[in-house]
Amino acid sequence: MKISSIKIANFKLLADITVEIPAHQSGLVFINGLNGHGKTTLKSSLEWCLFGANQGNDFVSHSTLKGKQPGDFVEVSVEVEFSNSDNSKTYVKRFQTMNVLDGSKSSPSSQPSLLIRIQPANPADPTEILDNPDAWLEKNLPKRLLSYVLFDGEQMEKFFDSKVKSAVEDAVREIAGIDLFDNVKKKLDDIESKTNQKIAKLSGGDASARLQDYERDIRLGEILAQDFETNKQNLVAAEARIKVIDKDLAGLENLSEVVEEDERLNDDLRTLATRRREAQLEFESRILVTGVFSLLKPAFKAVETQASKAAKEGWLPPQFTPASLRALLDSGQCVCGEVLAEDSASAKHIERVIEQFETSSEIGQVLQATSDEIKLTSLSIQGASDGARLLNKRIMELNTDESRLLARREVISSVIANNDADSIAKLGRERSQLQKQRFDLLKDNAQLERQMADHAARIERSKKAYEKATEGDGEVARLRAIASLATRAAAAAGQIHSLVIEMIRKKLESSIDQRFSRLVKKGQFKTEITEDFMIRTVDDLGNYDNLSEGQSMLKAFVFSMSLRDVIGLRLPLLVDTPYGRLSERHRVELSQMLAALVADSANYDGNQVIFLMHDSEYTPYTRKHFLEYNPLETFLSRDDESDVSRLGEGIDPEWLKHTAWKDWAEGIIK
Amino acid sequence: MIRNVEELIRYINESNLDDDLKSLLNQAIECELANLPISSLQKILEEIAAQGLDSK
């Protein structure tokens, strides 16, 4: 089913647009245009026509309203022509009459109408107008698959986020026919309940009470089963999240240690700075002392010379003080034991010494004292000088230590900065909470399983009690056979439905893997659709894999195409701004992959891709990847004066006046 | 609306369900696809249940 024509009348900017797509160019179509020239409006018009998407109450082209009077009527219409593989054609037209309020406003004067006609392959056969066009649309273009027919490239980066899992779930359930099974099961449950009521009424006695017990136990059993299912899903979600966090934190497990080391280093650096400051002060003090000493050294030398001379010349005082010598004379005995008789030679000598002392010069005494002091100071200064040398060495060692610590801290700071320590710590806390939650959920699961087993026995008992109360032949037996069959059939419908969903999930996984592996990661890629419809990419080891932006967007395209495979229908894929917000480098990558996707899709008869691109997306560089598929190139251009967009073929002449298209037009770019 | 009815029917037929259940589910799905009322399903149930009673 390919779109072969789109006719739009009075729809927003698109007052009168017809896109004709020739059969030989129907596989790949470009409808290009600058922002604001009508690309997204074209997509909206298809959403309205094919899916009945609400467009508000005022979506008539302003250019159309300009020439109208209040009270006039305008018809807005969008008609899409599909070419089918059997050469028949299907025309889907939605139209709505709008009441003109003034030259710029309108309001609906009727509900939108839908008309679908089918032109058989043989033009001689009559055209069929469908009685129930909505049913045809719901069957061929179900609303739940809207996201997979009309893409918005800017939303594709988020395609596999948890935000879109409901869309994935919708698609899987749509394919699995959940409505069908749900309806069958509900009807069977209803029949069973009513039949049991009839049986109880016929049986009399306490049959009604036993039926109530039985039905109450069944309801409780269903609640337990739901709790178990919810618990299981929460467990799956928690485990998936733990896996994602594990992946995010891979290689960063030691970060907390790194942060601790950083703190230790800061402490060490602070201590080191204090020690160095103290050493520096001491060093400076000692250096001052030795410096002063060096300045005073000549003066000290002169003092020593004078002291030496004074000693030679007898200026210096004798070894004994006059008082001690006088005491010897008074005692009459020398320290050596000699008797110091009056007028003896020794006594006289001592008298002379006393006399000599008294006549010694004061300078001699000063010289002696100064010389002694200088000797002591010299020793002290020598110590200061030695200490200064040691301190200098210590300061140099501290400087070296500091350089080493600073270098280490720089490395660590870089690790911390590049890894957003706060976020990592937050993730770590989240993982801890999830692990606790997982533990609790496992515990709850085990408990619920036990409760469910106990409750199943209880249901069986109340069932038997009810059956005993309604024992009987004839009509009761017939009704009981019906109720029993309804019970078994409802349970079987539920089981098959679960199996079908599982089957669809596996089919989708397989189809995505095959396509994506062909296009991007040969043999390295695996898709996992979880029980709660999250779509994951896992590597060979089962770890979640990170795709590049371009790969992730391509995967969204691939998912859409795989959905078509699994559904078995050939729905066109129309993508507005397929490159989204990708950088130039990723655009080239995505172009190559999209070209491969188009080539791959060509193997499936009836596939059609329509891209709506703006000037920074459709460039000579991206275009060259698609040329071999003989695309139809068209462009929308807007006339500001009339506020109307028009469709042209080829490249917009305005584009050829600037950017890369100018070089392309001049043959500079091939 | 269901996309792959044939495949679903095949799935039912290839399951290990009892024949009476397979038959009932096949017919129930046909009723659903044809938008038939619940009384149609009731009738089918009664017929299959009666066959079961007869075979005993």
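What percentage of the contacts in chain A with a separation of 6 or more is accounted for by residues 24 or more positions apart? In this predicted model, such residues account for 75% of those contacts.

**Figure 1. Overview of the predicted model with chains A and B.** Chain A has 670 residues, and 28% of them count as buried. Its secondary structure comes to 17 helices and 15 strands. Chain B has 56 residues, with 27% counted as buried. Three helices and zero strands make up its secondary structure. Along the sequence, the pattern of chain B reads α-α-α. The model has an ipTM of 0.92 and a pTM of 0.60.

**Figure 2. Close-up of A:Asn10 in strand β1 of chain A.** The strand covers residues 2–11. A:Asn10 is not a glycine, yet its phi is positive, near 60°. Most residues other than glycine have a negative phi. Is A:Asn10 buried or exposed? There are 22 other C-beta atoms within 10 Å, so A:Asn10 is buried. The cut-off for a buried residue is 20 or more.

**Figure 3. Close-up of A:Thr577 in a loop of chain A.** The loop runs between β12 (573–576) and α15 (584–601). A:Thr577 also has a positive phi, about 45°, although it is not a glycine. Why does A:Thr577 count as buried? Because it has 23 C-beta neighbours inside 10 Å.

**Figure 4. Close-up of A:Asp401 and A:Leu269.** A:Asp401 sits in helix α11 of chain A, which covers residues 362–419. In sequence, A:Asp401 and A:Leu269 are 132 residues apart. In space, their C-alpha atoms are 8.8 Å apart. A:Asp401 has 15 C-beta neighbours inside 10 Å, so this residue counts as partly exposed.

**Figure 5. The side of chain A that touches chain B.** Here 28 residues of chain A are in contact with 25 residues of chain B. Which elements of chain A give two or more residues to this side? They are α3 (133–140), α5 (165–176), α6 (178–203) and α13 (475–519). Helix α13(A) provides the largest share, 13 residues. By type, the residues on this side of chain A divide into 18 nonpolar, three polar and seven charged.

**Figure 6. Close-up of helix α3 of chain B, residues 38–55.** The helix has 18 residues. At 1.5 Å a residue it should span 26 Å, and its end C-alpha atoms are 26 Å apart, so the two values agree. Which residues of α3(B) are buried? They are B:Leu41, B:Ile44, B:Leu45 and B:Ala49. Seen down the axis of α3(B), the buried residues fall within an arc of 130°, so they line one face of the helix. On the other side of α3(B), B:Ser39, B:Leu53 and B:Asp54 are exposed.

**Figure 7. Confidence along chain B.** The mean pLDDT of chain B is 83. Of its residues, 91% reach 70 or more. Where in chain B is confidence lowest, and where is it highest? Helix α1 (residues 5–13) has the lowest mean, 78. Helix α2 (residues 19–33) has the highest, at 89.

Definitions and conventions: Residues are numbered from 1 along each chain as its sequence is written. Chains are lettered from A and ligands numbered from 1 in the order in which they are written. This is a predicted model: local features need pLDDT of at least 70, side-chain atom pairs count only at pLDDT 80 or more; totals for chains, interfaces and linings use all residues. Helices (H or I, at least four residues) and strands (E, at least two) are DSSP runs, numbered from the N terminus. A residue is buried if 20 or more other C-beta atoms lie within 10 Å of its own, exposed if 12 or fewer, and partly exposed in between; C-beta atoms are placed from the backbone. Two residues are in contact if their C-beta atoms, placed from the backbone, lie within 7 Å. pLDDT is the predictor's confidence in each residue, from 0 to 100. The expected span of a helix is 1.5 Å times one less than its number of residues. The arc is that of the directions from the helix axis to the C-beta atoms. Ala, Val, Leu, Ile, Met, Phe, Trp, Tyr, Cys and Pro count as nonpolar, Asp, Glu, Lys and Arg as charged, and the others, Gly among them, as polar.
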